[in-house]
Amino acid sequence: DDAVGYAQQRMDIIRSLYPSLLDKFEEPGESYHGFRGAFSILNSEYATCTRIISRYIGGVYMDRSMAGQVGKEKPFVPVPQDEQKWAMTLLNNYMFSPSAHDVPNELYQKLQSERRGWSGTKDPMIHDMVLSMQKDILNHLLHANVLKRISNSELYGNEYTLSEMLGDLTMSIFSADAGSNVNSMRINLQTEYTNRLIKIVQSKQGGNYESLSISLAFENLNKIKKYASKYNNVDEPTKAHRKHLVYIIDKALDT
């Protein structure tokens, strides 16, 4: 009866299994195909857990009991604010933070599929794998229907406002490394998130996104610009990344 707690427990178990994975699946004389399959299964389960958690942000419980029915609840009851904020905290810790995808490098080094015909030996595309999971969560959190549901449910009890949710999401994606170097996975994530906010801002009034969502996306782009304007005492990739973010935001807002 606690889907969020269960999902967190599963992710902790998965994280604890990564270090011993090679011991179980690296067999002399065998390819690494079995190891890659085991890693993929764990990774898929990990992604599913974060997807479950994300549904509690902006979530609304529905009761279809008839009026006067014994035990009836209100037809629509928003998820309590503290539960939504906890879900956002978990998404930060397990999906967005700089250390969310810390896996021993030797595991990445051996994610090799068995050669089939002329398939060749393909790079495991680690950045694509991580970004794909992060995109899946952003697909939900920034979906027009979800943003509308959050703002609509504020009228009947939702205390986790759209402004607070988007502010927490921006902070989750940018604050942890605001004064330090940004790792390559976070560079991808921050660029993806910024481009999605730009698309919301550039969407037509009266379209899929309502005016409040567009205004708050605009506000958060300006927050990102402040984060990205810090170039001192960082490495060259971080400096280039932040200059690029400022460029695409300025270009989008000028347009």
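Ile52 lies in helix α3 of this predicted model. With a relative accessibility of 36%, Ile52 counts as partly exposed, since the buried class ends at 20% and the exposed class begins over 50%. Ile52 and Tyr6 are separated by 46 residues in sequence, and their C-alpha atoms are 9.9 Å apart in space.

Thr50 is also placed in helix α3. The relative accessible area of Thr50 is 1%, and Thr50 is therefore buried. Leaving aside residues up to four places away in sequence, Thr50 touches Met11, Leu91, Met95 and Ile137. Of these partners, Leu91 and Met95 are among the buried residues of helix α4, and Met11 belongs to the part of α1 that meets α4.

Helix α4 spans residues 81-96, and its buried residues are Gln84, Ala87, Met88, Leu90, Leu91, Tyr94, Met95 and Phe96. These residues lie on the same side of α4 because the arc they cover around the axis is only 160°. In general, residues three or four places apart in an α-helix point the same way, because there are 3.6 residues a turn. The cover over the buried residues of α4 comes from several helices, including α1 (3-17), α3 (33-54), α6 (126-141), α8 (162-174) and α9 (184-202).

The packing of α1 against α4 was examined next. The two axes, α1 and α4, come within 11 Å and cross at roughly 10°. This angle makes α1 roughly parallel to α4, as angles under 35 degrees are classed that way. The crossing in which α1 passes α4 is left-handed. On the α1 side the contact is made by Val4, Gln8, Met11, Asp12 and Arg15, and on the α4 side by Trp86, Leu90, Asn93 and Tyr94. Sorted by class, the contact of α1 with α4 comprises five nonpolar, two polar and two charged residues. Leu90 and Tyr94, which take part in this contact, are also listed among the buried residues of α4.

A second helix pair is formed by α9 and α10. Helix α10 comprises residues 211-228, and its axis comes within 8 Å of that of α9, with a crossing angle of roughly 140°. The helices α9 and α10 are therefore oblique to each other, given that the roughly antiparallel class requires an angle over 145 degrees. As in the pair above, the crossing of α9 past α10 is left-handed. From α9, the residues Tyr193, Thr194, Leu197, Ile198, Ile200 and Val201 meet Ser213, Ile214, Ala217, Phe218, Asn220, Leu221 and Ile224 of α10. By class, this contact of α9 with α10 holds ten nonpolar and three polar residues, and no charged ones.

Backbone angles were considered for two loop residues. Most residues other than glycine have a negative phi. Met125, however, has a phi near 55°, a positive value in a residue other than glycine. Met125 is placed in the loop between α5 (105-108) and α6. Its relative accessibility is 48%, so Met125 counts as partly exposed. Asn233 likewise has a positive phi, near 60°, and is a residue other than glycine. The loop that holds Asn233 runs between α10 and α11 (236-254). Asn233 counts as exposed because its relative accessibility is 76%.

Methods
Residues are numbered from 1 along each chain as its sequence is written. This is a predicted model: local features need pLDDT of at least 70, side-chain atom pairs count only at pLDDT 80 or more; totals for chains, interfaces and linings use all residues. Side-chain values use heavy atoms; hydrogens and water are left out. Buried means under 20% relative accessible area, exposed over 50%, partly exposed in between (1.4 Å probe, protein chains only). Helices (H or I, at least four residues) and strands (E, at least two) are DSSP runs, numbered from the N terminus. The arc is that of the directions from the helix axis to the C-beta atoms. Contact means heavy atoms within 4.5 Å. Axes are lines fitted to C-alpha atoms, for helices over the stretch in contact, and angles run from 0 to 180 degrees between N-to-C directions. Angles under 35 degrees count as roughly parallel, over 145 as roughly antiparallel, 65 to 115 as roughly perpendicular and the rest as oblique. A crossing is left-handed if the near helix is turned anticlockwise from the far one by less than a right angle, and right-handed if clockwise. Ala, Val, Leu, Ile, Met, Phe, Trp, Tyr, Cys and Pro count as nonpolar, Asp, Glu, Lys and Arg as charged, and the others, Gly among them, as polar.
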